[in-house]
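Good morning, and thank you for coming. I would ask you to look at the sequence and the structure together while I speak.

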Amino acid sequence: MGFEPDLQQSLDQSLRAHACALLEQAAAGLQGEREQDEAVHEARKGIKKLRALLRLIELPLGRKFRPCDRYFRDIARSLSPLRDAVVQRQVLELLGRQHPELAELTGRLQPLLPVAKVKKPGKLLRQAATALLDGRQRVARWPPFEPRFRTLGAGFRTVYQQAREPAWLLLGREPAEPWHQWRKWVKYHGYQLRLLQPLAPDWLQPRALRLKALGERLGDEHDLDMLAGILLRHDAALAGATGPALALIGERRDQLRRQALQEGQALFADEPGEMSRRLKQHWRRD
């Protein structure tokens, strides 16, 4: 979904229109325009994009930011029971194809995975769609956004800093959660770049593509961590056959982490202030 900010006259209208379009598109999928699994996936992705937008305008939103962010976060969480079991099965199938040496084990794991336990999934989807459309009222209550760099610049710099720090602080031996958090902030930064791309497409588009690749690598790392957790939970049912697989997963995960750190340090070499100044120069030029 494109976003074309008019930096001179209609930044306010552009931001509101883009937020409402994300909400309406997600709601339409949940109301039957898409197959259920795809609709839930796309709705959750749309909410992530909206929360990236919220972080871009956090400063002018002021006290409205936190309750608005929580509102949309909770909608995404309400859809998790429909998504999590599907994701686990998809991850096993994907890992089995990517790593033939794990195919036999992932095949044995499939019947052991839990099935989504939602009594009335249709009702849940309708409630989430209604909540998304109601979210337009929150957008309408946003304060006016002035067409100046400060409106977006502070949020851009904050998210960049949050995405940058792990690239220089993580060592590769941490538990899964810090890596999951890094992936989240990398995605926020990438979504923001796509929003701002009209300002400097020659700079921001290639960077957004590199961030997408980094996010996918971190996603692969997360998938392997998920598989390790599944193996540990079902070790008894698999008659203790998980040891070699866990060792292989550990090696591959370590490799992905090293590659992600190398890519991340290249992408986040600039200090936040330098990135913010560079973006501001394009703002003025436009």
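H10 and H11 run roughly antiparallel to each other, because the angle between them, about 160 degrees, lies over the 145 degree cut-off. I should say at once that this is a predicted model. The axes of H10 and H11 are 10 Å apart, and H11 itself covers residues 243-267. As for handedness, H10 passes H11 in a left-handed crossing. The contact of these two helices comprises 15 nonpolar residues, two polar residues and ten charged residues.

H11 has further partners, and I take H8 next. Helix H8 spans residues 149-169. Its axis and that of H11 are 8 Å apart, and the two helices pack at about 135 degrees. H8 and H11 are therefore classed as oblique to each other, since an angle of that size falls neither over 145 degrees nor within the range of 65 to 115. The crossing of H8 and H11 is again a left-handed one.

The other partner I wish to show is H6, residues 100-109. Here the axes come within 11 Å of each other, and H6 and H11 cross at roughly 130 degrees. That angle makes H6 oblique to H11. H6, too, passes H11 in a left-handed crossing.

Let me turn now to the largest pocket. Its volume is about 1700 Å³. Which residues are the closest to its centre? Of the 43 residues in the lining, they are Arg-44, Lys-48, His-180, Arg-183 and Lys-187. By class, the lining of this pocket has 20 charged residues, together with twelve nonpolar and eleven polar ones.

Which helix gives the most to that lining? The answer is H10, with 14 residues. This is the helix that I described beside H11 at the outset, and H10 itself runs over residues 201-233. At least two lining residues each also come from H2 (36-56), H4 (65-78), H5 (80-98) and H9 (176-196).

I shall close with three individual residues, and for each one I ask you to consider its exposure.

The first belongs to H10: Glu-216 lies in that helix. Is Glu-216 buried or exposed? Its relative accessibility is 46%, so Glu-216 counts as partly exposed, the cut-off for exposed being over 50%. The C-alpha atom of Glu-216 is separated by 18 Å from that of Gln-162, and these two residues are 54 apart along the chain.

The second is Arg-66, which is found in helix H4. At 52% relative accessibility, Arg-66 passes the same cut-off and therefore counts as exposed. Between Arg-66 and Leu-11 there are 22 Å, C-alpha to C-alpha, for a separation of 55 residues along the chain.

The third is His-99, and here we leave the helices: His-99 lies in the loop between H5 and H6. Its relative accessible area is 14%, and His-99 is therefore buried, as the limit for that class is under 20%. In sequence, His-99 and Arg-164 are 65 residues apart; in space, their C-alpha atoms are 31 Å apart.

To recapitulate, H10 is roughly antiparallel to H11, while H8 and H11 are oblique to each other. H10 also gives the most residues to the lining of the largest pocket. Thank you for your attention.

Definitions and conventions
Residues numbered from 1 in each chain as written. Predicted model: local features only at pLDDT ≥ 70, side-chain atom pairs only at ≥ 80, totals over all residues. Heavy atoms only, no water. 1 Å grid on protein atoms, 1.4 Å probe; cavity = no way out; pocket = protein on both sides within 12 Å on 5 of 7 lines; lining within 4 Å. Points joined across faces, edges and corners; volume = space filled by probe spheres on them. Helix = DSSP H or I, 4+ residues; strand = E, 2+ residues; numbered from the N terminus. Nonpolar A, V, L, I, M, F, W, Y, C, P; charged D, E, K, R; others polar. Axes fitted to C-alpha atoms, helices over the stretch in contact; angles between N-to-C directions. Parallel < 35°, antiparallel > 145°, perpendicular 65-115°, else oblique. Left-handed = near helix turned anticlockwise from the far one by under 90°. Buried < 20%, exposed > 50% of the residue type's maximum accessible area, 1.4 Å probe, protein only.
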